[in-house]
Amino acid sequence: MAQRILLLLLLAIIPAASASGPYAVDFTKVAFEPMGGSRDAQSAEIAGRPAVRLPCNFSGTRIDRASWDVKVNLDLTMSRGVMFDFYCADPGPVAYFMIYFRSGGGWYGVSFDAPASEQWSTVTVEKSAARVEGKPAGWGRIDTIRISAWRGQDSDTAFYVEGLSRVGDDSKIGVIRADAGLAGKTSEMRIVDTYAATVGRFLDRAGLEHLVIDDGDVTPERLRHLSLIILPYNPSISDGVVDAIDGFLRTGGRMMSFYVLPEGLEGAAGMKNEAYIRQAYDGAFAAMGASDGPLTGAPRMTKQASWNIRNVLPVEGRSRVAAWWYDDKGDSTGKAAIVVSGTAVHMTHVLLADDNENKFQLFLAMLGNMCPDLWRDAARGCIDAIGVIGDHKAFAAARNHIDQLAAGNAGAVRAMKRAVTMRDEAVARLEAGEYSDAILVAGDAREALVEAYCFAHKPQAAEHRAFWCHSAFGLDGRTWDEAIKILADNGFTAILPNMLWAGVAFYPSETLPVSERIKERGDQVAQCLAACRKYGVECHVWKVNYNMGWASPKEFIAEMKKQGRTQRSFDGTENDEWLCPSHPDNGQLEIDSMVEIARKYAVDGIHFDYIRYPGREGCFCDGCRQRFEKATGRTIENWPAEVRRDDVLQEQWLAFRREQIDAVVSAVAEQARNVRPGVKISAAVFRNWPTDRDGMGQDWKLWCDKKWLDFVCPMDYTASNSQFERMVVNQQEWSGDVPCYPGIGLSVWPDRTDVVKLIEQISITRKHKTGGFTVFNYGNLEAGKVLPQLGKGITRKP
């Protein structure tokens with residue numbers, strides 16, 4: 001109690017931290033205010049350094065996270081991000097760490113990694129990775145920092161932090177993100193984040209320092225420190241920002257822009273907007289091909305499956321078309337893909353992540369043609385990046401590691417020889433000032449080194465190797481026979497194809513509406529299953545439960561709403577695309593549709609997904625109230641607020657939600673096994689059972705304990721290997737003796753072709769003897785770029 005009183009007194013007398021001394025914020029000299037349920041921060045010394053100790057009291061509590069707020073007065077506008085020192089000997093009880101920055105009426109939040117070690121490490125947080133909540137007032141007005149450790153286990157731990165500093169203050173490249181212009185528009189902000197992240201990833205890969213600027217923080221003074229600004233996708237931009245950029249371009253600055261060329265910048269950019277053009281058919285805008293006046297260093301052809309463009313015309317004497325759009329037949333559309341002037345280079349669509357290598361070269365060509373000095377820096381960065389594999393940051397270390405792994409493997413030896421030769425050539429091109437060529441050759445050297453890395457890994461016998469496939473039709477443009485053959489040829493043993501949702505089936509169903517596309521394409525379960533039998537691959541049919549999704553007939557969704565079977569959120573918002581789990585007809589529909597698969601087809605298994613509520617906010621419909629009141633024998637006068645104010649009632653409510661989901665899983669397991677003995681029941685589940693059993697109503701540990709599941713696939717979609725490993729360790733404990741095949745989020749990573757990280761995470765599952773893994777998601781990019789690499793080593797067939 002005395003410590004608590006002292007902390008409150010400190011909060012009253014210590015001013016908000018501001019930028020002074022060696023740190024922007026010295027954590028050892030500011031007050032940490034614990035959020036509800038969290039324990040007080042403490043001064044401490046650890047590993048010979050003064051620090052702040054932040055205890056995580058998860059044992060015997062129900063808190064979702066341990067959190068502390070620090071009052072600050074911080075301007076991060078012209079910084080790339082922040083870094084701080086961090087120590088945690090035992091991060092196992094923590095699912096993940098977050099740092100939040102409050103500005104105005106909203107927050108910027110970034111997750112960060114915490115490697116377990118008995119030493120201090122430096123955490124770097126990039127602004128470009130921030131998620132926006134609410135309506136922040138910009139990075140220039142940060143008044144609170146919040147540090148949170150989210151519960152992963154019911155046991156205590158602690159971590160320590162020291163001073164926070166800015167990073168990237170001297171960057172010459174600024175990525176302007178449309179934060180202020182889209183404040184509060186969550187779905188559009190996610191799109192903005194995606195394209196800003198693609199640009200940031202390419203800059204990182206080239207080793208080019210850059211910072212991210214909220215468009216609300218753009219001023220002429222701030223732009224004056226930059227050489228180049230990039231607009232990744234800025235659908236809404238204020239007149240003041242346009243004026244600042246216009247002045248920047250007219251005083252020597254340069255600009256790269258994508259899709260939207262603000263009207264007020266046409267004059268300074270030397271080009272003119274024409275019209276929005278939607279593709280007339282799939283494949284109408286399939287690639288960008290170099291014109292007669294190409295960008296130096298650009299590939300001759302770069303694939304990009306765009307669905308529309310905003311056409312831009314060159315202005316005679318000031319700009320030219322550097323690339324044209326081509327269709328999927330190889331014919332030019334006559335529409336500009338890239339226009340370049342002396343001050344700006346513009347692409348008429350957003351920068352997509354397909355055709356990754358050529359796209360990277362094209363991006364650097366756009367950048368280098370604007371700022372030639374960046375060619376040299378990018379060439380050095382690309383050469384330095386050749387050997388960045390896992391923990392290795394230099395080519396020599398990576399080479400030694402791969403050579404040891406390979407143990408004389410002929411494929412690895414050949415690939416390594418190419419990597420060494422090409423790296424030497426790249427260095428020679430750099431020294432000769434041939435920067436664009438140096439970048440190209442460095443890319444080839446990196447590709448050869450990655451190939452050697454793939455060859456160096458060995459397969460493991462009797463391993464469950466699966467891919468989720470979200471398309472009921474498999475790979476676009478290929479038959480199921482072709483798609484399954486690629487899996488089998490590269491050592492995969494199972495596929496989980498998404499053949500039904502809560503409101504639609506892609507086979508002749510007697511319980512769900514049947515997709516109109518089946519009339520043309522035929523029974524997709526039968527086709528997939530036939531291919532699986534032909535090539536010896538297991539078929540576990542995947543259903544999206546409760547979520548009726550994009551493909552469900554509108555008439556069916558309307559009928560469900562009319563019958564009172566759809567969800568309503570806590571705030572009264574109708575959620576028409578989700579069926580209410582407590583409605584008995586909905587539960588029966590889920591059971592009948594999944595058991596139907598087992599009855600009609602000799603599948604190896606059936607697979608639950610979305611077997612949960614959307615979150616804590618659902619469902620609070622009138623039917624839920626009636627059924628909950630009946631279950632508890634209690635009339636609730638103030639619905640739904642009372643279930644959150646009354647602790648006893650809230651516990652009953654959370655249990656009621658779980659029971660609805662549990663009943664479906666139990667019934668499907670029993671009935672499916674009766675109609676198809678030996679069929680396996682599995683589920684894709686949220687990764688953090690202790691919080692998700694209440695937050696989502698998904699008590700998957702119980703399902704394992706009751707043996708309703710034959711295996712479970714937690715969706716561990718993180719690019720952090722240490723976080724992935726902590727998840728796997730925790731999940732194996734929760735799943736008990738039911739196999740846990742962790743879900744690896746390849747297709748949601750920034751680079752969907754990152755085979756190195758995929759191999760690293762597969763290796764983590766082997767380290768912990770899971771017996772298998774499940775990869776998301778099987779598409780043409782994964783089939784063409786990733787599977788053949790895995791098949792050279794870690795999943796190689798005998």
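Here are some questions and answers about this predicted model.

Before we start, local features need pLDDT of at least 70, side-chain atom pairs count only at pLDDT 80 or more, and totals for chains, interfaces and linings use all residues. Residues are numbered from 1 along each chain as its sequence is written, and side-chain values use heavy atoms, leaving out hydrogens and water.

Q: Which strands stand at the edges of the open sheet β3-β4-β11-β6-β8?
A: Strands here are DSSP E runs of at least two residues, and helices are H or I runs of at least four, numbered from the N terminus. Two strands pair if DSSP finds at least two bridges between them, and the pairing in this sheet is antiparallel. An edge strand has a single partner, so one side of it is left without a neighbour in the sheet, and that fits β3 (42-46) and β8 (121-126).

Q: Which residue of β4 stands opposite E45?
A: β3 and β4 (residues 49-56) pair in the antiparallel sense over five bridges. Looking across from E45 into β4, you meet P50.

Q: Are the residues L211, V212, I213 and D214 of strand β13 buried or exposed?
A: Buried means under 20% relative accessible area, exposed means over 50%, and partly exposed is in between (1.4 Å probe, protein chains only). L211 and I213 sit on one side of β13 (residues 211-214), with V212 and D214 on the other. Both faces are covered, and these four residues are all buried.

Q: What is the relative accessible area of G247?
A: G247 is found in helix α4 (residues 239-250). G247 counts as partly exposed because its relative accessible area is 30%.
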